[in-house]
Amino acid sequence: MDKVGVGKRQKKRSSVVWPILILLTVLTAMFFFIKYIIKGKNVALLNPKGLIAQEQYNLLVFTVTVLLAAVIPTMIILYYTAWKYRESNSVTAALPEANKNKHIVAYMWAIPIVIMLVLANTMWPATHRLAPQRPINDSKPLTIQVVAMRWKWLFIYPDQKIATVNFVQIPINTPVKFEMTADEMPMSSFWIPNLGGQLYTMTGHVNRLNLMADTVGDYPGSTPEINGNGFAGMKFTARVSSDDDFDQWVKQVKSLPEILDSAKYEDILRPSEYNSAAFYSAYENNLYDKVVLKYTGSAEGHKHE
Amino acid sequence: MVEHDVVSHHQAEANDRVMFGFWVYLMTDLLMFSVLFAVYAVLHQNTAGGETGRQLFSLPLALTETLLLLTSSFTCGIAMIAARRGNKNQVLIWFGITFLLGLAFLGLELKEFSTLINEGNTLKSNAFLSSFFVLLGTHGLHITIGLLWMATTLIYIIKRGLNSSMVRKLTMLSLFWHFLDIVWIFIFTIVYLGAFS
Amino acid sequence: MKEFLVGKLNWSDLPHDWVMFGGTATFILTFIVALVVLIRTNKLKWLWNEWLTSVDPKKIGIMYFISGGVMLLRGGLDVLLMWAQQALSSGDSRGFLTAEHYQEIFTAHGNIMVFFVAMAFIFGLINYIVPLQIGARDLASPFLNTLGFWLFIGGIVMVNMFFVFGGHYAATGWLAVAPLSGKEFSPGVGVDYWIWSLMISGIGTTLGAINFIMTILKMRAPGMKLLKMPLFTWGSLCSMIMAVTVFPLLTATLFLVYFDRVLGTHFFTTLGGGDPMMYTNLIWMWGHPEVYVLILPAFGVFSEVVSTFSRKPIASYKSAVAGMIGVSAFALSVWLHHFFTMGAGADVNAFFGIMTMVIAIPTSVLVFNWIATMYKGKIKFDTPMLWFMGFVAIFAIGGITGVMLAIPPIDFQLHNSLFLVAHFHSTVIGGVLFGIFCAISYWFPKFTGIRLNERIGKLAFWFWVIGFCLSFIPMYVLGFMGASRRLDHYDASTGWQPLFILMFIGGLVIAIGVAMQLAQILASFIQKNKLRDVTGGDPWNGRTLEWATSSPPQFYNFTVIPQVSSVDAYWEMKQQGIQKPVYEDIHMPKNTAVGIYISIYGTLASFAFVWEINWIIVVSIIGIIVTFIRRAFTEDSEYTITAAEVQKLEEKRIKKSLEDDKHKADDSEEEMGVIELVKFIINFVLNIIKNKSWRKW
């Protein structure tokens, strides 16, 4: 009793061959096109320039390998099964009602559980090791305080006593601790993809991100979290230089006439977009603590350990 | 005879369905309240330098409100016993008393609110007061809706008499009323007793 | 005085740029044209009586489909605007949209696609198919059904209202994170429109979910125990239980955002003790289960389609059910993975990462189940099965990228990048949307009695798949290059522009695919005699009860509620031979306009809440209360069809279907392709011009 709707398909030659060929051609063309496009460009996630980014990259490769090892065979089996048991294949004279392999159910559950256990086993320690709040090593890090404001980044160097806007320079192979907060700003995110992952900046909170760079160069920084109209323009440059060059740079900035007093601070706090880099040889006392205090009444803010 | 049985079987099935659906609705209402409770739990200490619950609340007032509501649940229960017996007059009397008790509760709550507001403690003052007013205000709004429901149903019972469809409506109303009473117990415990602990 | 009368309404808020004007003109023109057509063809009364006030879940289902389809076009147009902007806006060029407008477009796009396309189609499918699958005549509460539908329409009105009444939409992203959504950072009415469109449709969804749960748990045919229900019904049940659990959370949270904006409360503000992080938690406690609400019915559809087209029962019914329940249960425990980067400690992040990975387990089980079902089957690759084949590959990519994102250190690099956007579009388009397309092509013969044109259908499928690859593979690459989502402009030195151009081209290919789908439906109706289903309602040799009815089913679904004793109930009935019906009285609900009235008041109230017009708020709320009370005390909401009348209706239906079968043209007439369809349309238009038939108007 096999009513198959309206029958009579005259040319039933696989109507799937041509579209699949076109799809494969498109995919191949795209592959080469994209390879050409990205030549010489900063594919940041595959281009780690710091310890944390490197470890994240390793974790990424491991995870993708495990997942592809599970998924690709499954897909091959699925599409092969579909093709082999297609109606027009007279070789497989099917028993459409068959199928009582008790073990199938066990495999169906066991395979994904095993894969997830393997991943979880790596993921748990990695998450702890790569927690942004965790110091890189036992030595004292270079502290840089970050204030996100509309729509620019203010960097304060408490030890060197200088401040910059939309530009941050750090010495190579030195642990850096970014302490970040925000002022008159929705939630934003501080991100230098070549050096490591992002962390949110929130008013009244102090988040800590520990990074260490291992290659000299200029790297882009941005905020992936949308925070208003000027969102796309809120970019900064992170420059990694040698120790000597870093000290030189600090001396240079200290000799500049501009200082970040409270009037200037109010000025840059006002919303503006696509700001160019600025440098200040001094800043108002306890500026960072004052910013945090504005929202919480306590200089520590809401700490994220 | 057969037709009569089929009709009442159909009606019984429909009643069962409606009651079940009403329970599911009550659960969604409970979930909404749990958001408000969670928000209160997170924010109740954020007074931004203002007065805390301990300084603002009057435990005797809250206790009175609680007793009023508990008693009204009791009278509501008696009214439902009368409803299932088909006793129209008892239903009207006992739901009438429930109504008055609910109204008294609302009155006291409004008085508490206006005292706070007159002293400058409004829902705009800080996060603690925002969550206090919205939690209790939502409960008070539900009580108001319950009272409106009670009043209209009683009026229709006077006009049309107490039939099985009315009893079903009263059952849902009483479930709603008891539910609000339970929510109030949580409010009393978490908000008022919690402020003094 | 003016403020009392019209609140914050202002002439200066009316649309004043050409991109917006396009939208305004489209809405107003469409409305006028529709009205004129209805009046001239004398169909206004028919529309009101037969469709708008109907409580028949089949009719409500069709209305959901049409609304969802229209909103799909609206949301799709948003995509083309977005991708055009991104393709152009590199280096010195800023594209043709301001940053603010661009941000409003992607916010509207997200809300429309989730609430008014995906939810619409799913609610339409559940409405139409679930009662048929469980052997019921209607949903548990026909009144809640029509009310829920019209509240959903109210939501559509609210999300598009700014085109006509002024203002603008939210520019915050589809979930309007705090404090960006507060009055300080979003001072206009945009976020208020956002709040109220979601509020009113969310309430409709909650009522609908309650209704579906009541129906599935209380109205199954005798003998249909829970573990004998079809898998689409199971998927719908799990989905609706999740919906009923989390939509109240959304409603409460939306109220809190509104209070912050309008009453000055301090729930999520930066000062006054507010806590924006709490908003993030609350909104994602709703937001994550919501996407599982969308995917579970799709899993159900695919399970049934694979089984039917392989001519085999599903390999392990119990595993499929367990898989769906597993996904639902765990869906409620993973929400933090949306904000690993907010700064929680490693223990918290790792815990939620593990829970997220756990969900991949029941999902994989479902996939293996489908493979085992196809194994040793005899598979027919009609269009529904094609959509399944496309779904598996794309959803698998979505799954892999999802597990990657579930690992916090990796997420730190991928959060809010275009990689994330590509991930969730892979699951939502590959899973939910393809599931919807699969369902529509599978059940279209049931809805209309006509099979869909296969030639054009297959073409549409391939355009979708190729377009999807062209658009989303570059998106994954861009994510790896450090490109964030929602950017309206970027530096030329990044080298991203060619990839954005590629995305836009892919968008055009997908647009062609959508046009093909519309063409497919048109061609099917044009050749409806050739494509008529003459199998008496069972064109695919189906296994479940909905195929036991005529196509389309009678308004009372079944003449007699069937007795069920196994999974794949209809398959079993066919093996045993179908009994001759014994007619009995049927009780049906009456149509009602109350749903429409309450929704009109609700939409008015929402509008008034947005523009702070207090007197309209008061009047609308009183309207809602009074209408609801009057409906609640209506005793007379059903009517009876006697057994004799049922018999007459059945005889009439059989006679008509025999006549229709006679009209069926020979098989020799070829199924239309795209070229033939275009020729047909050109001829049709030329004929109208030649015969000057517009004069009749």
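In the predicted model, one salt bridge is found across the interface of chain B and chain C. This bridge joins the side chains of B:Asp16 and C:Lys218, with an N to O distance of 3.3 Å. Seven residue pairs in polar contact, both members at pLDDT 80 or more, are also found across the interface of chain B and chain C. On the chain B side, helices α1 (2-43), α5 (127-160) and α6 (164-196) each supply at least two residues to the surface that touches chain C. The largest share comes from α1(B), with 16 residues. Sorted by class, the side of chain B that touches chain C has 18 nonpolar, twelve polar and five charged residues.

The contact between these two chains involves 35 residues of chain B and 34 residues of chain C. The area buried between chain B and chain C is about 3,000 Å², with carbon and sulfur atoms giving 76% of it. Within chain B, the residues that lose the most area to chain C are B:Arg17, B:Phe20 and B:Val35, which together account for 18% of what that side buries.

Chain B itself has six helices and zero strands, so that its elements, read from the N terminus, run α-α-α-α-α-α. Its C-alpha atoms fill a box of roughly 75 × 30 × 25 Å along the principal axes. In the loop between α1 and α2 (53-56) of chain B lies B:Ala48. The phi angle of B:Ala48 is near 50°, a positive value in a residue other than glycine.

Two pairs of chains touch, and of these the pair A and C has the most contacts. Chain A and chain B do not touch, their nearest C-alpha atoms being 8 Å apart. The contact of chain C with chain A takes 113 residues from chain C and 106 residues from chain A. The area buried between chain C and chain A is about 9,500 Å², and carbon and sulfur atoms give 69% of this area.

Two salt bridges are counted between chain C and chain A. One of them is formed by the side chains of C:Asp491 and A:Lys235, at 3.3 Å from N to O. The polar contacts between chain C and chain A come to 24 residue pairs, with both residues at pLDDT 80 or more. Helix α12 (residues 346-374) of chain C gives the most to the side of chain C that touches chain A, contributing 19 residues. That side of chain C has 64 nonpolar, 27 polar and 22 charged residues.

Within chain C, the axes of helix α13 (residues 383-405) and helix α16 (residues 454-480) come within 10 Å and cross at roughly 10°. Angles under 35 degrees count as roughly parallel, and α13(C) and α16(C) are therefore roughly parallel to each other. The residues of α13(C) that make the contact include C:Thr383, C:Leu386, C:Trp387, C:Ile394 and C:Met404. On α16(C), the residues in the contact include C:Glu454, C:Lys458, C:Phe461, C:Trp462, C:Trp464 and C:Phe480. By class, the residues of the contact of α13(C) with α16(C) divide into eleven nonpolar, five polar and two charged.

Cis peptide bonds are described next for chains C and A. In chain C, a cis peptide bond joins C:Ser551 and C:Pro552, with omega about -10°. C:Pro552 is found in the loop between α17 (497-526) and α18 (569-576) of chain C. In chain A, the peptide bond from A:Arg150 to A:Trp151 is cis, with omega near -20°. A:Trp151 has its place in the loop between β1 (142-149) and β2 (152-157) of chain A.

Over all chains, the count of salt bridges comes to 26. Among them is the pair A:Arg208 and A:Glu179, whose closest N and O atoms are 3.4 Å apart. A:Arg208 lies in strand β8 (residues 205-211) of chain A and A:Glu179 in strand β5 (residues 176-182) of chain A, so this salt bridge ties together parts that are 29 residues apart in sequence.

Methods
Residues are numbered from 1 along each chain as its sequence is written. Chains are lettered from A and ligands numbered from 1 in the order in which they are written. This is a predicted model: local features need pLDDT of at least 70, side-chain atom pairs count only at pLDDT 80 or more; totals for chains, interfaces and linings use all residues. Side-chain values use heavy atoms; hydrogens and water are left out. Contact means heavy atoms within 4.5 Å. Buried area is the accessible area (1.4 Å probe) that two parts lose on being put together, summed over both. A salt bridge is a side-chain nitrogen of Lys or Arg within 4 Å of a carboxyl oxygen of Asp or Glu. A polar contact is a pair of N or O atoms within 3.5 Å; within protein, one must be able to donate a hydrogen and the other to accept it, and residues adjacent in sequence count only if both atoms are side-chain atoms. Helices (H or I, at least four residues) and strands (E, at least two) are DSSP runs, numbered from the N terminus. Ala, Val, Leu, Ile, Met, Phe, Trp, Tyr, Cys and Pro count as nonpolar, Asp, Glu, Lys and Arg as charged, and the others, Gly among them, as polar. Axes are lines fitted to C-alpha atoms, for helices over the stretch in contact, and angles run from 0 to 180 degrees between N-to-C directions. Angles under 35 degrees count as roughly parallel, over 145 as roughly antiparallel, 65 to 115 as roughly perpendicular and the rest as oblique.
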